[in-house]
Amino acid sequence: MTEYPTSHERRQPGAGRPPAPADPRGALLRTPEQSSSLPGASALPVQSARTGDASQGPAAATPCSRRATGQVSADVDMTSSSGSSGTGASTPPPASSGSEHSQPSATEPDAHRPRPAPEGIPAQPAAEQDRPPRAPGAKERRTGQTLPQGGPMPMRRDGDRLRFVGAATRRIARGIDLDEIVMGLCRATVPTFSDAILVYLRDPLPVGDERPTGPLVLRLRRTDRIPEERDTDGGFMPALRPEPSELSAMTAELCEVRPGGALAEVLRGVRPVFADAPAARAALPELLGDDLVVPGGQRAILAPLRGRRRVIGAALFLRRPERLAFEADDLLVAAQLATHSALGIDKAVLYGREAYIADELQRTMLPETLPRPTGVRLASRYLPAAETARVGGDWYDAIPLPGSRVALVVGDVMGHSMTSAAIMGQLRTTAQTLAGLDLPPQEVLHHLDEQAQRLGTDRMATCLYAVYDPVSHRITIANAGHPPPVLLHLGGRAEVLRVPPGAPIGVGGVDFEAVELDAPAGATLLLYTDGLVESRLRDVWTGIEQLRERLAATAQLTGPDHPPPLEALCDEVLDMLGPGDRDDDIALLAARFDGIAPSDVAYWFLEPEDAAPGRARKLARRALSRWGLEELTDSVELLVSEVVTNAVRYASRPVTLRLLRTDVLRCEVGDDVPQLPRLRQARATDEGGRGLYLVNRLARRWGATRLSTGKVVWFELNRG
């Protein structure tokens, strides 16, 4: 690492001298000879990299390594201030043992080398074992305090503090969430500024303009300290010598701030205070508890953390007794660290709340679970465009329809923002409502197009709407500018279905066309959004072809007679995405067509006459006998008679009766009356009104659905 001069003055004579050896903790100071050769002894100290060998000169200086990663620090960018390379002396000038700028020899063994200062922050000097002895009675130049024999050196100059504050605040500002910001504060201050730090935050943290309710409670959020390597007698650590991870166990985790108490007064004052201040002496036991002994004098700083509108916590900086005490200027450093940390925490809490709201919005817009309609199995996947903003306009849905049919929907609103998610939710709700009316697919898209135009002129979306009938083994599809679906046949052949593309929803004034195709048993239909097949690295048709090839290759693994499992198939499809292919949200819906065999379906038309209930009972009895379900005869006859009686009472056209044998026995009765029946409690004197009550008590499930031509009342019974 090279170095910049710390002053804007021109290069002075003697600037080509080799840099002085570094202090074991990373504090890089000049030797007396270097200081005397420069005009203005009060100039800011020049930082230099630690030299691996004193005889190598400045050209062999190695860059400081980032702690725990080994990368070169980018926080302090310095270039060389030395003269022309190759001409300097190869041996640094000798250090005086009595000067405050004394440095240890480059060849001195480093028995207790502490961890390096993080992120290029000017580090504090080491403890007495890591530096040469001082002359007796030596004094610190700025304060005039007598330095202890062999004691450490502080950050004595304003330049050191400015560089430290700049690097520390940059590290704190890099955090996005709450834990990253608090960890950045701890790592930036230990061991450079303090030997230990305790960070307390309000519990719960207020969000934005929320007014906190209840008492002010502080919770210990994080602690950090230099690992114990020596005796801690007389320090702030107890005599049990705990492990570094146990610092939090020695302090009170929760602290309720008493109104009008000493701690409340310190927090209200906002400014950092030394531990020996009158207010702090009474506040620290309230914060830490009575078990932790805080070092005396100016070896602890209590700094309140104030956000935009209120105090949200406190930070306690501690130094060991063998280290020099804090100075008055260190209060300004602590204030800067506390201010930047508190404002960052405020923003992180706001960001977390907005991310939570966006995540919940997206979660409620998509179906929590897929239905289990008769004759089809379903699986789905959804991947957001980015983990930090998990909202978008892609959606999928599966809607059960009358007659054991199911509607399969997949759509994509332009963009992937909160607005797109809100529009998506409105369109999905509209599609569900239209599906409940049993409208044809092209009519559903037409009404969705009108709804999008009512939402705004720039509300654009693509959508594909398909209706699968397991009895006829047919599927009807209408498309509005969406990528075509892919049908994987049982033998392993993957086919891109030829569906009219149509115009996107929101264009207006366009017509949509529906096509009816075969849906053989064992086939799998894959509906998806364009994020799966289109990216900056490939166009949409290239992606569709890759998807078709991936489906065919996956089907070959299970053989021609066994389709691949749906969940595994979805995972295989998503694995085709490369690292650079995630430009948009991805919604995926897979439907395996099992169908219902014709031998498992019984269908009749009944004239709306008084004899219809009796004929319905006879037909149902014959079908159950043919299927070997005689044990259900009594229940089915009773329920069929009640439902058909209600239908013929008001119908003017023939009534339909259909029995379906799948994993359950399903009975459907349809008529041309749109009014839906309602369950009610019949009184003792009523002659009717008990038919639906019997259905509700005896059937496994039942329901009524309005159609464009009337309604269907259905019920299900367990087999066996």
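## Exercises: two open sheets and a few odd residues

Five strands, taken in the order S7-S16-S15-S12-S13, make an open antiparallel sheet. Here a strand is a DSSP run of E with at least two residues, a helix is a run of H or I with at least four residues, and both are numbered from the N terminus; two strands pair if DSSP finds at least two bridges between them. This is a predicted model, where local features need pLDDT of at least 70, side-chain atom pairs count only at pLDDT 80 or more, and totals for chains, interfaces and linings use all residues. Residues are numbered from 1 along each chain as its sequence is written, and side-chain values use heavy atoms, with hydrogens and water left out.

**Exercise 1.** Find the edges of this sheet, then see which helices lie across the strands.

*Solution.* Start with the edges: S7 (376-383) and S13 (494-496) each have a single partner strand, so one side of each is left without a neighbour in the sheet. From one strand to the next, the twist averages 20°.

Next, look inside the sheet. S15 (residues 524-528) pairs with S16 (residues 586-593) in the antiparallel sense over 5 bridges; Leu 525 has Ala 591 in S16 as its bridge partner.

Now add the helices. H9 (residues 540-558) lies across S12 (486-488), S13 and S15, at about 155° to S13. H10 (residues 566-575) lies across S7, S12, S15 and S16, at about 30° to S7. These angles run from 0 to 180 degrees between N-to-C directions, with axes being lines fitted to C-alpha atoms, for helices over the stretch in contact; contact means heavy atoms within 4.5 Å.

**Exercise 2.** Do the same for the sheet S17-S18-S19-S21-S20.

*Solution.* Again there are 5 strands in an open sheet with antiparallel pairing. S17 (601-606) and S20 (701-707) stand at the edges, and each has a single partner strand, so one side of each lacks a neighbour in the sheet. The twist averages 15° from one strand to the next.

Inside, S19 (residues 664-671) and S21 (residues 710-718) run antiparallel and are joined by 8 bridges. Arg 666 has Glu 716 in S21 as its bridge partner. Finally, helix H11 (residues 612-627) packs on the sheet and touches S17, S18 (655-661) and S19, with its direction at about 165° to that of S17.

**Exercise 3.** Track down the backbone oddities at Pro 191, Pro 204, Val 270 and Asp 438.

*Solution.* First, the background: most residues other than glycine have a negative phi, and most peptide bonds are trans.

Take the prolines. Val 190 and Pro 191 are joined by a cis peptide bond with omega about 5°; Pro 191 sits in the loop between H3 (178-189) and S1 (196-202). Asp 203 and Pro 204 also share a cis peptide bond, with omega about 0°, and Pro 204 is in the loop between S1 and S2 (217-225).

Then check phi. For Val 270, phi is positive, near 70°; this residue lies in the loop between H4 (262-269) and S4 (273-274). For Asp 438, phi is positive too, near 60°, in the loop between H7 (418-436) and H8 (441-455).

Last, is each of these two buried or partly exposed? Buried means under 20% relative accessible area, exposed over 50%, and partly exposed in between (1.4 Å probe, protein chains only). Val 270, at 31%, is partly exposed, whereas Asp 438, at 16%, is buried.
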